[in-house]
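Me: Could you take one part of this structure and walk me through it slowly, as you would for someone in a first year of study? I would like to follow how the pieces around it fit together.

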Amino acid sequence: MNILAWIRSAFFQAAPDDTDASAFASAVKPISDPKFGDYQANGCMAVAKKRGANPREVAAEVVRKVDLSPWANEPEIAGPGFINIRLRDDRLAEYLVELSADDRLGIEPAERPKTVVIDYSSPNVAKPMHVGHVRSTVIGECLARIYETLGHHVIRDNHLGDWGAQFGMILWGWKNERDERAFDADPVRELARLYKLAQARIKPGETLSDRYKKVFEFEKEGKFAEAEALFAKLSADSKATRDEVDRVIAESRAIAEACRAETAKLHAGDPENRALWERFMPYCLGALQTIYDRLSVRFDVQLGESFYDSMLAETVEKLEKVGIARESEGAKVVFTRENGAPMIVQKSDGAFTYATTDLATLKYRYETWRPDLVLYVVDHRQSDHFKQLFAVAAAAGYGETDPRHVAFGTILGADKKPYKTRDGDVVGLESLLDEAVARARAVVDRNSPELSEEERGKVAEVVGLGAIKYADLSQNRLSDYVFDWDKMLAMNGNTGAYLQYAYARIQSIFRKGEIDVASLRRRVPAVALGSASERALAVAIVRLPETLELAANDLKPNVLTDYLFDLANRFSTFYDDCPVLKAEPENRDSRLALCDLTARILKLGLRVLGIETRDRM
RNA sequence: GCGCCCGUAGCUCAGGGGAUAGAGCAGCGGAUUUCUAAUCCGCCGGUCGCAGGUUCGAAUCCUGCCGGGCGUACCA
């Protein structure tokens, strides 16, 4: 059960008549300092202020009224009017016995399950996944597992970029630069090469036209002298001539135009481009699936942009019909209060944009699943887009679903710039995972030479991948974070490996003591909480349900990692402090039960984070 | 210019109205005849960017400023 929620409801009942009971109840929190107790109710000061009364007297009134039995005795009033609650050790001990026999570890399925659509990962199929896809994939998967664990109905949707401009680049590359033998040998690699090639042809011209933007503006305004002077200044280093610059820009524009034309043909149903799309897609999806398998990520649906293609025209039509969209500079756009720049739903060349696709997607999801909540796990740079998207969807009456942009920050390198290789390339996701495993392997080899070769390999895989996921999830979602191998693979501190280690230590106790956990759980030991470290561990054990609820409500995986780290920490202290196998008979089963519960929570918690455990490491 | 996000210990980060602001790393000092020392315990370390304001109470909310990141009309 969720003890925090239970205490809150007790305070809801006991709230003074002249106050908002639900606000009063929500002022109950886990305690700030354990020496005061386990939970605290902070609502009395506010009540007293409104009433012009003494807060301690208000607190006394509440304490007289509130009934916390059997979980706690009469709470204490402290400081300016805090009410401190201490869970009763006898109830705690009794409850741990119940938990031992409970497969769900106290987590109760939601009374009113919600349908939650989670849109995450969403890579472009044309190019290999890179470090930038880690966060969306890992956070999205974790949120899905959190909601599932709480008994909600989750639909994981990989909104693949399989229909956009990047596919036009592949088509252009295929038609102009393909290497069929390379394609036969490794299709995805060849397609990626073609994509990069097209980009490389387009990029220089874009860079130059950016660099000389001002020059061209001067020329447009007829200020040729200024234009010439500025050009000379900007070209001082490169010694580029005007002809060269014009040529590069023209070439790059021509290729960009050709790529766009390929995209347009694809969308228009051109048989050749459609056939190529059909031919390439299975390879692209297969390559993605390899990564998802390794990361234990599985989607319920993968409805990419192509899926919505047929709905785009009607989407724009409807927006025009209800007067939301209008024409501007040749494009069809929607101006919103949320943003100065409009949302472009159809470009001047007639093509639709991802904004159109996203609108159609939102509508489709509502009509198909009637979700209560739709989460878009997409990086924070797109927050303007989503603000507009949600505003337009609401204005267009696309259903009363609750769409939320679950934004996250950028992964940075040690130089505080987006994480790149030494050569300045983005880091491929596969090589990132390989390196994590290799580094973990080195640590395993050093620390656990007694394990077999095969065993060490498995540990390295689980610890390496866990390190990357944990590093990501333990961070506050919104902040950028610095990617640091040594930190994430450290066995001390807030890391996945530390939690996995705590789990393995417990399994080691069971092995050494030849403990059959199934029978341990059946014989329902009486739990004794004689020492401070045992009690501290017990209090952490009973807080799993409230932690999951909080993580779900705030959409913050790091709430869960913080909890698990705290639990593992308390376990380590207990482990150091209290012998288990060699404990007195009256303590032995009790401590074994604490170990078992800790291990099960660690395993479940890590599982929710998408991280595996090993019995030995 | 406008909009969003960020600024907390030497470093990396939690905490987002509640008590003396926490953790890990780094530094210093301890703990191993005992279940995995990949561990544990202790010490050191902070004008919570600055200045106002709201509040019984502000790292947390509001305003302004400083510093940084990102976004800002046809890429997604």
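Reply: Let us begin with Phe-483, which counts as buried because its relative accessibility is 6%, under the 20% that serves as the limit for that word; please keep in mind throughout that this is a predicted model. Phe-483 lies in the loop between β13 (481-482) and α19 (485-489), and its ring forms an aromatic pair with the ring of Tyr-419, with 4.5 Å from centre to centre and 35 degrees between the planes, an arrangement that counts as tilted. Tyr-419 belongs to the loop between β12 (411-412) and α17 (429-447), so that the pair links distant parts of the chain, 64 residues apart. Tyr-419 is buried as well, because its relative accessible area is 15%.

Both rings also meet a common neighbour, since Leu-432 is in contact with Tyr-419 and Phe-483. Leaving aside residues within four places in sequence, the other contacts of Leu-432 are Val-131, Val-134, Val-427, Ile-468 and Trp-485. Leu-432 is, together with Phe-11 and Leu-96, one of the residues that touch the most other members of the largest nonpolar core, which has 156 residues. The element that gives the most to this core is helix α25 (residues 585-608), with 10 residues. Apart from it there is a second, separate core of 22 residues, which includes Val-345, Tyr-376, Phe-390 and Val-392.

To place the ring pair in its wider setting, a search of the whole structure finds 23 aromatic pairs.

Terms used:
Residues numbered from 1 in each chain as written. Chains lettered and ligands numbered in written order. Predicted model: local features only at pLDDT ≥ 70, side-chain atom pairs only at ≥ 80, totals over all residues. Heavy atoms only, no water. Core = buried A, V, L, I, M, F, W, Y, C linked by side-chain atoms within 4.5 Å. Buried < 20%, exposed > 50% of the residue type's maximum accessible area, 1.4 Å probe, protein only. Helix = DSSP H or I, 4+ residues; strand = E, 2+ residues; numbered from the N terminus. Contact = heavy atoms within 4.5 Å. Phe/Tyr/Trp six-rings, centres within 6.5 Å; stacked < 30°, edge-to-face > 60°.
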